[in-house]
Amino acid sequence: MEKKLYTKLLATLLMAMLAAFGFAQERSCATMDVLEQQMLQDPDLAARMESIERHTEDFIHQHAEDGSGRVVITIPVVFHIVHNGDALGTNENISDALVLAQLEQLNQDFALTNSDANLIPGLFLPVAANTEIQFCLAQRKPDGTATNGINRINGGQASWTSTQINTTLKPTTIWNRNQYLNIWSVVFGGSSSGLLGYAQFPGGNANTDGVVCLWSSIGSVATPNPSGGNYARGRTATHEVGHWLNLRHIWGDATCGNDFVDDTPVHNASNGGCPAFPHLSTCTGTPVEMTMNYMDYTFDACMYMFTAGQKARMQAVLAVGGSRFSLTTSPGCLPLTSTCGTPGSLSASAITATTATLTWGAVSGATSYNIQWRPVGTTTWSSTTSGTTSVAISGLNAGTQYEFQVQAVCSTGPGSFSASSTFTTTAQQSCGTPTNLLATSITAGSAVLSWTGVSGATSYNVQWRIFGTTTWSNGTTSNTSLQITGLVAGTQYEFQVQAVCGTTTGSFASVFKFTTGTAQGCGIPQGLNATNIGATVATLNWTAISGATSYNVRWRQTGTATWTTGSTSNTFLNISGLNSRTSYEFQVQAVCGATTGSYSDSASFSTGSSDSVCGTPGGLSATAITTTTATLNWAFISGAVSYNVQWRPTGSTTWSAGSTANTFLNISGLSAGTTYEFQVQAICGSLSGTFSASANFTTTTGAGCGTPSGLNATAVTTTTATLNWAAVSGATSYNVQWRPTGITTWSTGSTANTFLNISGLSAGTTYEFQIQAVCSSLTGAFSASANFTTTAGASCGTPSGLNATAVTASSATLNWASVSGAVTYNVQWRPVGATTWSSGTTSNTSLGINSLSQITQYEFQVQAVCSSLTGTFSASANFTTLSAGGCLDNFEPNDIRSSALPLTPTDQDLSAQISSTGDVDWYRFSNEAGLGNVRIDLTNLPANYDLRLYRGGFQLAISQNSGTSPELIIYNNGVISSDLYAYVYSNNGAFSSTQCYTLRISLSSSNWRTDGSTDGEVNTFEFPVTVNGSGFSMFPNPAQTELTLDVYQEVTQPIKVIVSDMTGKVVSVNTYALTPEEARIKLDVSALPAGVYTVRMENGKATGTQKLMIVRP
């Protein structure tokens, strides 16, 4: 299956039916359900998993030719056998023999030595793989004592749900996940009845990591579990350990989905039972499904292989830099043979709020020592090593009691950890820790980092880095914010701040994460889903994109090539005209003003057999909440004529009810300070929908006054400032207090507004201020402090808002915003690239200048003069003078063909010049919206100009009429590309510096006629000629005898082209020497059988992949 990197990984799976005999009749794995819950609970999980996917892709690319022969990795395993007091070997308290049989089955399955490997069909034998991963029962516990790797736990209850397992069982019994694979054998019950198992993907919480299996599935092919039925041979553990090592279900948890592996065929869905071979998929190309893969849902007896591609994904997480690399250095498989002593005389000294020095007595023969510590009463240790009998530790919590233990390591191995010794950190840090970390003004390359100041701090150390990397960038400031630049677009960063109080340094704050904007400036919609689905109608939904002004939506039947399109300014679109009982896919593209983002990945839905349905309201929220009233809101349901609403205090059994034809309802008679839940039901004529899930809200308390928020200071000068805050409901006035940071005495004031002008401040001083709301006879609490710093006494601001107006061929008016305190302004200007400035002075905020050169780009700067003080010159602003003939070329510089050129508007007249001998104009444009036919008109020529059309460096068409006759190119080949260029150039050096030509680029889905109309005959392609990001175009597709590849490249270099079938078998490898001018490859495909293939192109630095379909008459 095609490999693709995803930043958000959510899925919905069908749960299996229960058998009459107490085991599942169809395999039921809850791994993806648990992942979805964890991603909702942990907002950072998606980013960590995306980082793991990036590492996996890099590993696979770097090790694609390694094949077998790596050192076999052995992972220590602990089996936690959870029972309810049953005797050993009875019911869920399974015997040691079954555990040993399961371990042996894991080793056979992962080494391709399983007894049923001979059943692998010949079609899939070339990709069947020995993963070079093995497992051992742990020989030592995390505390260094001996074990047999089987940990029996009386859980005190008959069965467990996945929620109970993740919140209670795992955190209290897990062994260090960086050293062991934890496998829990349990009885599933309650909402988890019918499950066979689940696993946690790499990147998840350390306290819930590992694999959970139904007790009756623990066994092997040779020793089946007597209670396991079709799932008694140990393949549940094999399947779940595959997930734990970053494998997905083979069908990608979607119809014709993606499992991120190249050599597994596309599956229509999961397979149960024992399908007969060959079992054909209904996906594109109808490939033979690999039903015997361990990551499908078949019976234990009918799964018996991993592939080489799956092996590569598992090896990636165990490689250097992989999320499970630490397992490769675990001593868990090594039996204890050491006679190394146990350290004594443990003590702690030099204790501060965050640091301590731990010491102990020397052990004879010890070469080093392992040290572990934790707050008393917690379960997770921090650890380090030392070559001496002491170690300094940091990052502790103030005023906290800690325990620590020491283990000696001798040449013969490690000894036992000592008994714990305790110490308590001091209660106060000498310099506080900044709080309320925030990133604002985020662009693709910069951000402003801010935080709440620390009393007594004189400066702050700031460090930031790409999330998941180890190297920090650093900065220092005396303010409570810092602008950083040079960031990478579309990348998650983290930063920390440390306060410096004179000679004392505080602790770094907890990290705050933010993500830079994408380079294209318009995001990709996520969260696609379909609701209100009938036989012919549906509502398509997605999450909003910041800055989006509208959305383009397209949908089609799954497996077809033609999209139906629509657009909306909402985050949903109602569509109709669908076919009943049909599978559809849809994609959404955000439009941010003049910028258009990329289409999202597809989401799928299937229509029903009837439109007689009434949807379930979503988007429930409560607004205008008081002590006794609230407004309940929800999203519109197509076809609904009214809505029933019910509400009650949470925990009560009696509903209050109402109805309305609107999408809101005002309710009253509520109790103050009470949490309520409410539900909404849509009424569609004679049909009633189901009540929605509950949404909650809490009424305000009867007695109290809120705390102001949103504190900030504006109009800050050397001695004055305006303090601002957000209004508090019910407040009649506000008390305000302010003081220099580090001072104990407040200045005070009050106002009925949400701002207060204060004066008498000291220049260059950091102040803090707080606000308190007064509600009639009630007074609220003072807010947290916000900081601001007055300007220095000796300064004059820098003008901003520079622009030029009234621009002619020889003059212009230069403008800027006023600077407080400025009495005059110095202005300087020059042609861009020149070294000498012209200058002038004015007391206004504009200056008219003249004697300029026509058609020349100028830059200018402005400096404010405040009495005896002079500020700094502003950054330059640019403008371009007109030609003497009144023609302005807005497209320069465009003398070189480059993918960095801005996209040229289409379907409108453009005016530009060939202004000198040798001047040429390149116009980059895109027809990726599906308008594959191009017409270019070059008219109003002042001299003999010619016209060409290129795709990348390859010429597609040319027009060379004589004299000033118009040029016309019509290209009806249906090519789809984001790298098309119109090229205007002079014949024999002709040019005009006073007159413009007119260029118009027109696009159509129908063929063009020379009279400017189209023939109405639409060209459609099942596969676009160019796929974004692949770096090459490919046509025709589908192909029969010959395939043409056009490669975009800037330098001469060899290109390798690899063609593989859907099993991953390479059927063609060729290398070509290409130049930017000669970058077309003709590939003979006449000998390939009909089917779907992967075309992979490599240039030594980058790789691009596209799908190819071969058809036969």
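In the predicted model, Gln407 is in contact, beyond its neighbours within four places in sequence, with Asp143, Gly144, Pro343, Ser368, Tyr369, Asn370, Pro414, Gly415, Ser416 and Phe417. Gln407 belongs to strand E12, which spans residues 401-410. Its relative accessibility is 5%, and the residue therefore counts as buried. One of the residues in contact with Gln407, Gly415, places its backbone oxygen 2.7 Å from a polar atom of the Gln407 side chain.

Seven disulfides are counted in the structure. In one of them, Cys136 is paired with Cys333 at a sulfur-to-sulfur distance of 1.8 Å. The S-S torsion of Cys136 and Cys333 is about -95°, and the disulfide is therefore left-handed. This bond connects distant parts of the chain, as Cys136 is located in strand E2 (residues 133-137) and Cys333 in the loop between helix H6 (308-318) and strand E7 (347-349), with the two positions 197 residues apart in sequence. Cys136 has a relative accessible area of 15% and is buried, whereas Cys333, at 23% relative accessibility, is partly exposed.

A further disulfide is formed by Cys522 and Cys592, with an S to S distance of 2.0 Å. The torsion about this S-S bond is 75°, and the link of Cys522 and Cys592 is right-handed. Here too distant parts of the chain are linked: Cys522 lies in the loop between strand E22 (512-515) and strand E23 (529-531), and Cys592 in strand E28 (residues 583-592), 70 residues apart. Cys522 is buried, its relative accessible area being 0%, and Cys592 is likewise buried, at 13% relative accessibility.

The sulfur atoms of Cys796 and Cys866 are 1.7 Å apart and form a disulfide. This link is right-handed, with 65° about the S-S bond. Cys796 occupies the loop between strand E46 (786-789) and strand E47 (803-805), while Cys866 is in strand E52 (residues 857-866); the pair therefore ties together parts that are 70 residues apart in sequence. Both Cys796 and Cys866 are buried. By contrast, Cys29 takes part in no disulfide, and the nearest cysteine sulfur, that of Cys213, is 9.5 Å away. For Cys213, the closest cysteine sulfur is in turn that of Cys29, and the separation of 9.5 Å is too far for a bond. Cys29 is buried, with a relative accessible area of 2%, and Cys213 is buried at 0% relative accessibility.

Salt bridges number 19 in the structure. Among them, Arg324 is paired with Asp209, the closest N and O atoms lying 2.6 Å apart. Arg324 is in the loop between H6 and E7 and Asp209 in the loop between strand E5 (197-199) and strand E6 (211-214), so this salt bridge ties together parts 115 residues apart in sequence. Arg324 is buried, with a relative accessible area of 3%, as is Asp209, with a relative accessible area of 1%.

Within helix H2 (residues 45-62), Arg54 and Glu50 are four residues apart and hence separated by about one helical turn. The closest N and O atoms of their salt bridge are 3.3 Å apart. Arg54 is partly exposed at 37% relative accessibility, whereas Glu50 is buried at 19%. Arg935 forms a salt bridge with Asp937, with 2.8 Å between the closest N and O atoms. Arg935 is buried at 10% relative accessibility, and Asp937 is buried at 16%. In addition, Asp109, Asp116 and Arg235 are joined in a network of salt bridges.

How values were computed:
Residues are numbered from 1 along each chain as its sequence is written. This is a predicted model: local features need pLDDT of at least 70, side-chain atom pairs count only at pLDDT 80 or more; totals for chains, interfaces and linings use all residues. Side-chain values use heavy atoms; hydrogens and water are left out. A disulfide is a pair of cysteine sulfur atoms within 2.5 Å. Buried means under 20% relative accessible area, exposed over 50%, partly exposed in between (1.4 Å probe, protein chains only). A polar contact is a pair of N or O atoms within 3.5 Å; within protein, one must be able to donate a hydrogen and the other to accept it, and residues adjacent in sequence count only if both atoms are side-chain atoms. Contact means heavy atoms within 4.5 Å. A salt bridge is a side-chain nitrogen of Lys or Arg within 4 Å of a carboxyl oxygen of Asp or Glu.
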